[in-house]
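Me: Please take a close look at one chain of this model. Then show me how it sits beside its partner, and keep the sentences short.

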Amino acid sequence: MLTANTPQNTDTQQQTLRYWLHPDDQKTILHCIEHYRDARAASIDALKTVQQRHGWVPDEAIPAIAEILGISSADVEGVATFYNMIFRQPVGRHVIKICDSIGCFLTGYEDIASAVQQQLGIAYGETTADGRFTLLPISCLGNCDKGPSLMIDQDTYGPVTVTDIPDLLERYI
Amino acid sequence: MNTITTSAETHPLTWRVSHLKDKPLDLNTYETLEGFAALRQVLKTMSPIEVQTNVKKAGLRGRGGAGFPTGTKWSFLPMGDKAPDQKYLVCNADEMEPGTFKDRFLMEKIPHLLIEGMIISGYALQASKGYIFIRGEFVDAARRLQQAITEAKAAGYLGTNILESGFNMELFVHTGAGRYICGEETALINSLEGRRANPRTKPPFPQVSGLWGKPTVVNNVETLANIPAIMFRGSDWYRNLSNSKDAGTKLYGVSGRAKRPGLWELPMGVTGQEILEEYAGGMQKGLKLMCWLPGGASTDFLLPEHLQLAMDYDSIAKAGSRMGTGLMMVVDDKQNIVSVVRNLEQFCARESCGWCTPCRDGLPWVVKTLQAIERGEGQAGDIELLQQTAKFLLAGTTFCAHGPGAGAPLGSALRLFKSAFEQGIK
């Protein structure tokens, strides 16, 4: 895999890498870089920008981001695989994250998780056959006085009861 | 938050909340409620060192969990002509300590309070750039902070020559992408630089070499939110708000199966009893308190008798635990303590950054052993193994505080509830 820092890269090759990214995403990433002393700091912003467009971070995005930030692909991949909110494989249109930390454990998140799994017919880490939902566990959402809590995409819900689940899922087509 | 009568004189953090109508305070409303009055006063009448001295005198201690005196933390930052030209102030808004939901509240409801606190602190430290490192899941809070920064900039509270004082400051919201370890201040700095969030070795401390190798102070949201009131009403006033020798008020909370879980700003040093009974309404019907964590997953379990203690740093430390974030997690008598500890250790194992062995290898082992005990399939020697691992996780054997944090609930549960664990041994 080509990296931006290898000296034999020609300008054309570098352009090929960078121009895999959507022009708007390039613009967003370049804007983020201005907030920092060093472009590398925008790596999470860049990954999020790509994910916003594609739903996940495809392989081709890694060297493209590396090129625009002036760091190696290995460094970008290292960041992408460290953080749990960055997806390196495709996910469903909506991602359900069920909090399984202590506040939600004490208030019964396990029943909620079972109800969701049963309704959707998937386990943690899986995506429904129609590509609508991916189910993941998540660490404490900082919503502990309203446990059990869960997030669907960017929305946080709590306290959630088993009977809330069907209506809740209906909101996400 | 449950209704309690608040006033500017008694509730520096939350008195403005009663003026909200289901939306965060915008700049105009904030200004009519003494907003940015502290900043005006500071820039007109105080030198940066005077601000630092006042924070020290106020006795403010870090609200992120460690309780380190804020003024002392600041005093390690180089000041004056010989200081590097670029210094940074970073707000730690990576709230993910299980059982903790106070910073989310402050940022969602009163974003301008944090902004004002950061500008005053930035002036005190002569740090012309500030970053708010906020966890990725706090979508609303991040949006509201961004909005507040835009408003503050337009009004001249941020940017160049703030209120004609000659002081310049820029603030940025940096959203994270998950991982509890980002709350460790040196891991946070690595993450902010766009690296994997592994903690850094200390020394050098961030005040000497932090973000991009420059002097950096990292403070928690609640800590910084206290700064405007300390400046506006004075350090003596702030000290006197408290019931104990630790100054000020604290955002206390209760979660678990209490009647009314919630969050309340109360004088530092109220008892756990008062928080649980008066504010959270006691335990739910039919449940009794078995034990509690005073301030997050990384604190030692305490017993019901410890509810009589003042919730301040020293009193809770004397009882063998830590006040941590000060948000209590109550465990009722219908819970299986082995399962509770297993859940806490699962969190710690998952959130280990993988850098050093006790945490990376030890914690999954702890989880497996606890799962076996839960199933009644524990082996002879398992309890000794858990006790030994809890020791291996103590400070001095690990690179950062994550390991000791994981050891706290494990070690204390083994001490307090040993027979429950023994029942799971074949």
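Reply: Start with one term: a residue is buried when its relative accessible area is under 20%, and exposed when that area is over 50%. Keep in mind that this is a predicted model. With that cut-off, 53% of the 173 residues in chain A are buried.

Now trace the fold of chain A. It holds eight helices and four strands. Read along the sequence, their order is α-α-α-α-α-β-α-α-β-β-β-α. The C-alpha trace spans about 60 × 35 × 25 Å along its principal axes. Next, look at contacts between residues at least 6 apart in sequence: 60% of them join residues at least 24 apart.

Turn to the outside of chain A. Its accessible surface comes to about 7800 Å², and carbon and sulfur atoms own 49% of that. The chain carries 12 positive and 22 negative charges, and the mean positions of the two sets lie 5 Å apart.

Two loops of chain A deserve a stop. Most peptide bonds are trans. The bond between A:G147 and A:P148 is cis, with omega about -5°. A:P148 sits in the loop between β2 (133-138) and β3 (150-152) of chain A. A second cis bond joins A:G158 and A:P159, where omega is about -10°. This time the loop runs between β4 (155-157) and α8 (165-170) of chain A.

Now bring in the partner. The predictor scores the complex with an ipTM of 0.94 and a pTM of 0.95. Chain B averages a pLDDT of 96.

The largest nonpolar core has 72 residues, and B:M107, B:L114 and B:I115 are among those with the most contacts inside it. Helix α6 (residues 111-125) of chain B gives this core nine residues, the most of any contributor. Take B:I115 as an example. Leaving out residues up to four places away in sequence, its contacts include B:I132, B:L145 and B:L171. Apart from this core lies another, of 52 residues. It brings us back to chain A: its members include A:I102, A:V116 and A:I152, along with B:A390 from the partner.

Chain B has its own backbone exceptions. Most residues other than glycine have a negative phi. B:Q126 has a phi near 55°. This residue lies in the loop between α6 and β2 (129-134) of chain B, and is partly exposed at 34% relative accessible area. B:E164 has a phi of about 60°. Its loop lies between α7 (139-154) and β3 (170-175) of chain B. At 73% relative accessibility, B:E164 is exposed.

How values were computed
Residues are numbered from 1 along each chain as its sequence is written. Chains are lettered from A and ligands numbered from 1 in the order in which they are written. This is a predicted model: local features need pLDDT of at least 70, side-chain atom pairs count only at pLDDT 80 or more; totals for chains, interfaces and linings use all residues. Side-chain values use heavy atoms; hydrogens and water are left out. Buried means under 20% relative accessible area, exposed over 50%, partly exposed in between (1.4 Å probe, protein chains only). Contact means heavy atoms within 4.5 Å. Accessible areas come from the Shrake-Rupley method with a 1.4 Å probe; for residues, only the protein chains shown count as cover. Lys and Arg count as positive and Asp and Glu as negative; His and the chain ends are not counted. The place of a charge is taken as NZ of Lys, CZ of Arg, CG of Asp or CD of Glu. pLDDT is the predictor's confidence in each residue, from 0 to 100. A nonpolar core is a set of buried Ala, Val, Leu, Ile, Met, Phe, Trp, Tyr and Cys residues joined through side-chain atoms within 4.5 Å.
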